[in-house]
Amino acid sequence: MTPMDDRVLEVLDAGLVLSPTIIAYNIDKSREAVGRRLSKLSEAGLVDRIERGRYEITDSGQSYLTGEVAVDDLQNRSS
């Protein structure tokens with residue numbers, strides 16, 4: 001997990017389905033960088049790809065933000 005991952009999840013935690021471009025604009029990062037992080041977050045089960053270029057946070061992603069899921073648990077899940 002990176003600081004950018006936290007920012008991406010925080011933006012998605014508003015309950016919206018967003019594109020990498022919109023997320024990037026809101027966190028002042030490049031669309032390409034956000035797209036790479038969204039792929040990793042999807043692999044970890046923290047975001048769902050709803051359709052091409054559209055993502056939303058999962059229950060696990062929300063649990064991570066509230067501290068209910070530890071980073072170590074996420075790393076074990078993706079191994």
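These legends accompany close-up views of a predicted model.

**View 1. The nonpolar core and its best-connected members.** Here we look into the largest nonpolar core, which has 19 residues. Val 8, Leu 12, Ile 23, Val 34 and Leu 38 touch the most other members. Two or more residues are given to this core by each of helix H1 (3-12), helix H2 (20-27), helix H3 (31-43) and strand S2 (54-57). Helix H1 supplies the largest share, five residues.

**View 2. Leu 38 and its contacts.** Stay with the core for a moment and pick out Leu 38, one of the residues that touch the most other members. Leaving aside neighbours within four places in sequence, Leu 38 meets Val 8, Leu 12, Pro 20, Ile 23, Val 47 and Tyr 55.

**View 3. The buried face of helix H1.** Now turn to H1, where Met 4, Asp 5, Val 8, Leu 9, Val 11 and Leu 12 are buried. Seen down the helix axis, these buried residues fall within an arc of 160 degrees, so they line one face of H1. A handy reminder: an α-helix has 3.6 residues a turn, so residues three or four places apart point the same way. The packing partners of the buried H1 residues are H2, H3, strand S1 (47-51), S2 and H4.

**View 4. Ser 63 in helix H4.** Our last stop is Ser 63, found in helix H4, which spans residues 59-65. Ser 63 counts as buried because its relative accessible area is 19%, and the cut-off for buried is under 20%. Not counting residues up to four places away in sequence, Ser 63 touches Glu 68 and Val 69.

Key
Residues numbered from 1 in each chain as written. Predicted model: local features only at pLDDT ≥ 70, side-chain atom pairs only at ≥ 80, totals over all residues. Heavy atoms only, no water. Helix = DSSP H or I, 4+ residues; strand = E, 2+ residues; numbered from the N terminus. Buried < 20%, exposed > 50% of the residue type's maximum accessible area, 1.4 Å probe, protein only. Contact = heavy atoms within 4.5 Å. Core = buried A, V, L, I, M, F, W, Y, C linked by side-chain atoms within 4.5 Å. Arc of directions from axis to C-beta.
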